[in-house]
Amino acid sequence: LFGRTVTVGLLSNLVFFVLLAVATWLLARRWLSQWWAVAALALVLTAPGVAAFPQTYVFALAPAAAWTAALVCLLRSRGLTRPGWSAAFGVAVGATVLARPVMVAFVPALLAAALVVWLQPRSASAPPTGQADGSDA
């Protein structure tokens with residue numbers, strides 16, 4: 001679409017860097033206050049490996065971003081009862097494996113988390129402290 005150059009590869013890493021940032025923020029806000037979520041975001045984005053990947057031609061950032069996005073989608077699916085978020089969870093799990101096939105080893109952890117979320121009583125899937133008003137759409 002944009003050509004086959006190293007620059008295009010580096011720009012794709014930048015997109016996954018932003019996706020990782022957004023997913024980390026949403027995941028942290030699920031349980032933490034805004035300031036702790038900022039701290040979590042800063043910790044993830046300034047980690048030496050994560051901070052270096054957008055500048056190199058290494059594609060480990062894509063599966064990390066997709067895996068984190070899968071967790072966000074799973075939590076927003078409210079026990080897998082919301083079809084859109086449940087489908088997005090499946091797409092993110094698939095994107096994780098497509099981005100890096102070795103990540104298939106981590107899929108059982110996501111599926112176990114999905115099973116736990118699905119088996120929880122529906123009232124227990126209300127958002128914890130991070131979003132007191134219950135609006136996570």
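A residue is termed buried when its relative accessible area is under 20%, exposed when that value is over 50%, and partly exposed in between. By this criterion V18, with a relative accessible area of 49%, is partly exposed because the value falls between the two limits. The model examined here is a predicted one.

The secondary structure of the protein consists of six helices and zero strands, so that the order of elements from the N terminus reads α-α-α-α-α-α. Of the 137 residues in the protein, 33% are buried. The accessible surface comes to about 8100 Å², and carbon and sulfur atoms account for 76% of this area. When contacts between residues at least 6 apart in sequence are considered, 71% of them join residues at least 24 apart.

Helix α1 spans residues 6-31 and includes V18. Together with V22 and L26, V18 makes a nonpolar surface patch of about 220 Å². Helix α1 also holds T24. In contrast to the partly exposed V18, T24 is buried, its relative accessible area being 10%. Beyond its neighbours within four places in sequence, T24 is in contact with A40, L41, V44 and T68.

A second buried threonine, T96, is located in helix α5, which covers residues 83-99. The relative accessibility of T96 is 1%, and T96 therefore counts as buried, the limit being under 20%. With residues up to four places away in sequence not counted, T96 touches P63, A66, W67 and M103.

In soluble globular proteins, nonpolar side chains tend to be buried together. In the present model, the largest nonpolar core has 10 residues, namely A70, C73, L74, F89, A92, V93, V107, L110, A114 and V117. Two or more residues of this core are given by each of α4 (61-76), α5 and α6 (107-119). Helix α6 provides the largest share, with four residues. Among the core members, V93 touches A70, V107 and L110 when residues up to four places away in sequence are not counted. Another core, of seven residues, lies apart from the largest one; its members include L20, A21, V50 and L61.

How values were computed: Residues are numbered from 1 along each chain as its sequence is written. This is a predicted model: local features need pLDDT of at least 70, side-chain atom pairs count only at pLDDT 80 or more; totals for chains, interfaces and linings use all residues. Side-chain values use heavy atoms; hydrogens and water are left out. Patches are made of residues with over 30% relative accessible area and no salt bridge: like charges are joined within 9 Å, nonpolar side chains (Val, Leu, Ile, Met, Phe, Trp, Tyr) within 5 Å. Accessible areas come from the Shrake-Rupley method with a 1.4 Å probe; for residues, only the protein chains shown count as cover. A salt bridge is a side-chain nitrogen of Lys or Arg within 4 Å of a carboxyl oxygen of Asp or Glu. Buried means under 20% relative accessible area, exposed over 50%, partly exposed in between (1.4 Å probe, protein chains only). Contact means heavy atoms within 4.5 Å. A nonpolar core is a set of buried Ala, Val, Leu, Ile, Met, Phe, Trp, Tyr and Cys residues joined through side-chain atoms within 4.5 Å.
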